[in-house]
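Subject: Structure for your review

Dear colleague,

Please find below the structure that I am handing over to you. My notes on it follow directly after.

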Amino acid sequence: MTRGTAWTVVRVLLTVAIFAYLLREIDVATAARALRGFSAPLILLLLLLIAADRLLMLTRWVMLMRMTTQMPLRDLAHIFFVSSFLGSFLPAGVGGDAARAISVVRQTQQPSAAVASVVVDRLVGLLAVALSGLVGVLLIHVLSNDAVWRLTLAASLILVVGTLAALYADTVVR
């Protein structure tokens, strides 16, 4: 048995063990009733939105990686999706970022490029959230207390400006 085959067998056995444990610990009949209570079209819509989100995030990261490496898209997608999965279980999402950077370093031997791609990817994601929050704060002005609105607006602006400053720090320093 090759090393790759052995590793696949270990992963399959681990997956089966986890599912067996989960099935033993939950009331399957109650879970099935709860699942039947969900709207199938809404679940399908949710799955499509999740897929679109993951593909958009993959595209963003691949664009960043293309600046430093020509790794095949298949390899980049594999690294991205595995690290995203790991990030669901490792502390604060940082574990997924670390797994992504380590995987890229193993394939490219470019640690600075790997870390930079992950950091810039995080900053771009933070900027997107900050801008979305800023738009939301501007739109809800009529629904909120004026002092709270001003504080939230100031915090959102600081986050947007800070993220932009971090993204363009090298240009500003030059």
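A salt bridge, as the term is used here, is a side-chain nitrogen of Lys or Arg within 4 Å of a carboxyl oxygen of Asp or Glu. D53 and R54 are joined in this way through their side chains, with an N to O distance of 3.3 Å. Please note that the model is a predicted one.

Salt bridges

Searching the whole structure gives 5 salt bridges. In general, side chains of opposite charge can pair when their charged atoms come close.

In the pair already named, D53 is partly exposed, at 36% relative accessibility. R54 is also partly exposed, with a relative accessible area of 27%.

A further salt bridge links the side chains of R24 and E25, at 3.1 Å from N to O. R24 is exposed, because its relative accessible area is 61% and the term applies over 50%. E25, with a relative accessible area of 46%, is partly exposed.

Which residue forms a salt bridge with D97? The partner is R122, and the closest N and O atoms of the two are 2.7 Å apart. D97 belongs to helix α5 (residues 94-108) and R122 to helix α6 (residues 111-139), so this pair ties together parts that are 25 residues apart in sequence. D97 counts as buried, because its relative accessibility is 12% and the limit for that class is under 20%. R122, by contrast, is partly exposed, with a relative accessible area of 43%. In addition, R60, R100 and D121 are joined into one network by salt bridges that share partners.

Nonpolar cores

The largest nonpolar core has 13 residues, and those touching the most other members are L58, W61, M65, L76, I79 and V104. Two or more residues of this core come from each of α3 (40-65), α4 (73-87), α5 and α6.

What does L76 touch, once residues up to four places away in sequence are not counted? The list is L58, W61, V62, M65, R66 and M71. L58, W61 and M65 thus appear both in that list and among the core residues with the most contacts to other members.

There is also a second, separate core of 7 residues, which includes A130, L134, V137 and V160.

Nonpolar surface patch

On the surface, a nonpolar patch is formed by L35, F38, I43, L46, L47 and I50, which together have about 590 Å² of accessible area. Helix α3 supplies the largest share of the patch, namely 4 residues. I43 is located in helix α3. This residue is partly exposed, with a relative accessible area of 33%. Helix α3 therefore gives residues both to the patch and, two or more of them, to the largest nonpolar core.

The surroundings of V105

V105 is part of helix α5. Is V105 buried or partly exposed? At 27% relative accessibility, V105 counts as partly exposed. When neighbours within four places in sequence are left aside, V105 is in contact with Q110, P111 and A114. From V105 to V115 the separation is 10 residues in sequence and 8.6 Å in space, C-alpha to C-alpha.

With kind regards

Conventions: Residues numbered from 1 in each chain as written. Predicted model: local features only at pLDDT ≥ 70, side-chain atom pairs only at ≥ 80, totals over all residues. Heavy atoms only, no water. Buried < 20%, exposed > 50% of the residue type's maximum accessible area, 1.4 Å probe, protein only. Core = buried A, V, L, I, M, F, W, Y, C linked by side-chain atoms within 4.5 Å. Contact = heavy atoms within 4.5 Å. Patch = residues over 30% accessible without salt bridge, like charges linked within 9 Å, V, L, I, M, F, W, Y side chains within 5 Å. Areas by Shrake-Rupley, 256 points an atom, 1.4 Å probe, with all protein chains shown as cover.
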